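This report describes the fold of one protein chain, moving from its strands to individual residues. The reader is invited to follow the account alongside the display below.

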Amino acid sequence: MPTYDYECTECAHRFEHRRSVHDTKLVKCPKCKAKAQQIITSVPVIFKGSGFYVTDHRKPGATEAASAPAPAPAPAKKTTTDTKK
Ligand SMILES: [Zn+2]
């Protein structure tokens with residue numbers, strides 16, 4: 001369950017509140033019971049998986065070698081020669 005940062009609108013007390021995403025109940029300050037609002041902090045967003053790397057704007061030949069290390073060249077076995085035995 002994620003923890004959110006809240007700040008009281010009255011006494012500016014900051015606290016963490018753990019709640020469900022579906023929980024939309026009003027969060028109150030533990031000190032003065034006033035209304036607290038969520039602080040939107042710079043949450044480190046972690047993108048997992050492929051698809052987020054911008055590859056369309058790469059300079060020709062510049063970043064390709066640095067960003068994408070070429071895999072070890074496998075023994076070329078792609079020769080699909082029709083060997084009709
Ligand atoms: Zn307060």
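## Strand β2 and its setting

None of strand β2 is buried: of its 5 residues, the number buried is 0, so the strand lies largely in the open. The model in which this strand is found is predicted. The chain as a whole holds 1 helix and 3 strands, and their sequence pattern reads β-β-β-α. Buried residues account for 5% of the 85 residues in the chain. Of the contacts between residues at least 6 apart in sequence, 36% join residues at least 24 apart.

## The sheet

The 3 strands form an open sheet in the order β2-β1-β3, and the pairing is antiparallel. The edges are taken by β2 (14-18) and β3 (36-38); each has a single partner strand, so one side of each is left without a neighbour in the sheet. From one strand to the next, the twist averages 40 degrees. As a general point, strands of a sheet pair through backbone hydrogen bonds, either parallel or antiparallel.

Strand β1 covers residues 3-8 and pairs with β2 in the antiparallel sense over 5 bridges. The pairing of β1 with β3 is likewise antiparallel, and it runs over 3 bridges. Several individual positions can be placed within these pairings. Towards β2, the bridge partner of Y4 is H17, that of Y6 is F15, and E7 stands opposite R14. Towards β3, E7 stands opposite Q37. E7 of the chain thus has an opposite residue in β2 and another in β3.

## Y6 and Q37

Which strand holds Y6? Y6 has its place in strand β1. Is Y6 buried or exposed? Y6 has 21 other C-beta atoms within 10 Å, and because the cut-off for burial is 20 or more, Y6 counts as buried.

Setting aside neighbours within four places in sequence, Y6 is in contact with R14, F15, H17, V27, A36, Q37, Q38 and I39. Among these contacts is F15, which is also the bridge partner of Y6 in β2.

Q37 lies in strand β3. With 12 other C-beta atoms within 10 Å, Q37 is exposed, since the limit for that class is 12 or fewer. Not counting residues up to four places away in sequence, Q37 touches Y6, E7 and T9. Y6 and Q37 are 31 residues apart in sequence, while their C-alpha atoms lie 5.3 Å apart in space. The contact between Y6 and Q37 therefore joins a buried residue to an exposed one.

## Residues in the loops

The hairpin of β1 and β2 has 5 residues between the strands, and within it A12 takes a positive phi near 60 degrees. A12 has its place in the loop between β1 and β2. A12 is not a glycine, yet its phi is positive. In general, most residues other than glycine have a negative phi. A12 counts as exposed, with 9 C-beta neighbours inside 10 Å.

A positive phi in a residue other than glycine is also found at K33, where the value is near 65 degrees. K33 is placed in the loop between β2 and β3. K33 has 10 C-beta neighbours inside 10 Å and so counts as exposed.

Where does R19 lie? R19 is in the loop between β2 and β3. With 15 C-beta neighbours inside 10 Å, R19 counts as partly exposed. The C-alpha atoms of R19 and T3 are separated by 6.4 Å, although the two residues are 16 residues apart along the chain.

The table sets out the C-beta neighbour counts and the resulting classes for these residues.

| Residue | C-beta neighbours | Class |
|---|---|---|
| Y6 | 21 within 10 Å | buried |
| R19 | 15 inside 10 Å | partly exposed |
| Q37 | 12 within 10 Å | exposed |
| K33 | 10 inside 10 Å | exposed |
| A12 | 9 inside 10 Å | exposed |

Definitions and conventions
Residues numbered from 1 in each chain as written. Predicted model: local features only at pLDDT ≥ 70, side-chain atom pairs only at ≥ 80, totals over all residues. Helix = DSSP H or I, 4+ residues; strand = E, 2+ residues; numbered from the N terminus. Contact = placed C-beta atoms within 7 Å. Pairing = 2+ DSSP bridges. Axes fitted to C-alpha atoms, helices over the stretch in contact; angles between N-to-C directions.
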